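Dear colleague,

I am passing the structure on to you with this email, and I would be glad if you could open it alongside the notes below.

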Amino acid sequence: MLHPHSRSIPTETSRADAKRRALELLDDAGIVLTDAEREDLEIADFGFDDLSTVGTQIHTYVNTDRYCAKELVQSPGQTCPEHRHPPFDGTPGKQETFRCRAGEVSLFVDGEGDDEEERVTENPTRTPPTREEHYTAGREIVLEPGDQYTIPPDTNHWFQGGEEGAVISEFSSRSVDEKDVFTDPKVDRLSNIDY
């Protein structure tokens, strides 16, 4: 049996299952993708080969030097690991707005201010899947269809799909995946990228 954080290539079945589930969630949300876009859906496992627990399915509409638009799909309980988008090349880093289109997603961000309630949610509805020491952002924001939240640049955040999964539209400044900094040093964002 594989360790949950091994770096082996995911099986074709798990990738095909993740893609199938993501496309079903997109269809249910009324998000129309062309046949080519459906075929090119990115399946990101972050190097863990455990897509049912850690991963994100991504369709990128556009990503230029000025802006980016994506659909992010989380299966039920699936987590995108904690990361931040730091400054680089004179930019402040990526700023992104998440808008929930379907389902429910728990977004955890670094809280600000002196008030403990603003920094940490006392009884969160979701918990990290594993390796809890690598999930430090403690303020939970639950997004349901029509809700949105803007994550400032260089802010630790992670997110997890609710009981029915979630479809999240992301609108942001330029996305440069290789510049993302993950709290867990075992995360490999660029490993096993498969479309």
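The notes below cover one lysine, the cysteines and the nonpolar cores.

This is a predicted model, in which local features need pLDDT of at least 70 and side-chain atom pairs count only at pLDDT 80 or more, while totals for chains, interfaces and linings use all residues. Residues are numbered from 1 along each chain as its sequence is written, and side-chain values use heavy atoms, with hydrogens and water left out.

Lys94 sits in the loop between β4 (79-84) and β5 (96-109), where strands are DSSP runs of E of at least two residues, numbered from the N terminus. Lys94 is buried, at 6% relative accessible area (buried means under 20%, with a 1.4 Å probe and protein chains only). Its side chain makes polar contacts with the side chains of Glu96, at 3.4 Å, and Ser175, at 3.5 Å (a polar contact is a pair of N or O atoms within 3.5 Å, one able to donate a hydrogen and the other to accept it; residues adjacent in sequence count only if both atoms are side-chain atoms).

Cys68 and Cys80 are also buried, with relative accessible areas of 2% and 5% respectively.

The largest nonpolar core (buried Ala, Val, Leu, Ile, Met, Phe, Trp, Tyr and Cys residues joined through side-chain atoms within 4.5 Å) has 20 residues, of which Phe46, Phe98, Leu107, Leu143 and Phe159 touch the most other members. β5 gives the most to this core, with five residues. Apart from this core lies another, of 13 residues, among them Ala18 and Val73.

Best wishes

Technical notes: Helix = DSSP H or I, 4+ residues; strand = E, 2+ residues; numbered from the N terminus. Buried < 20%, exposed > 50% of the residue type's maximum accessible area, 1.4 Å probe, protein only.
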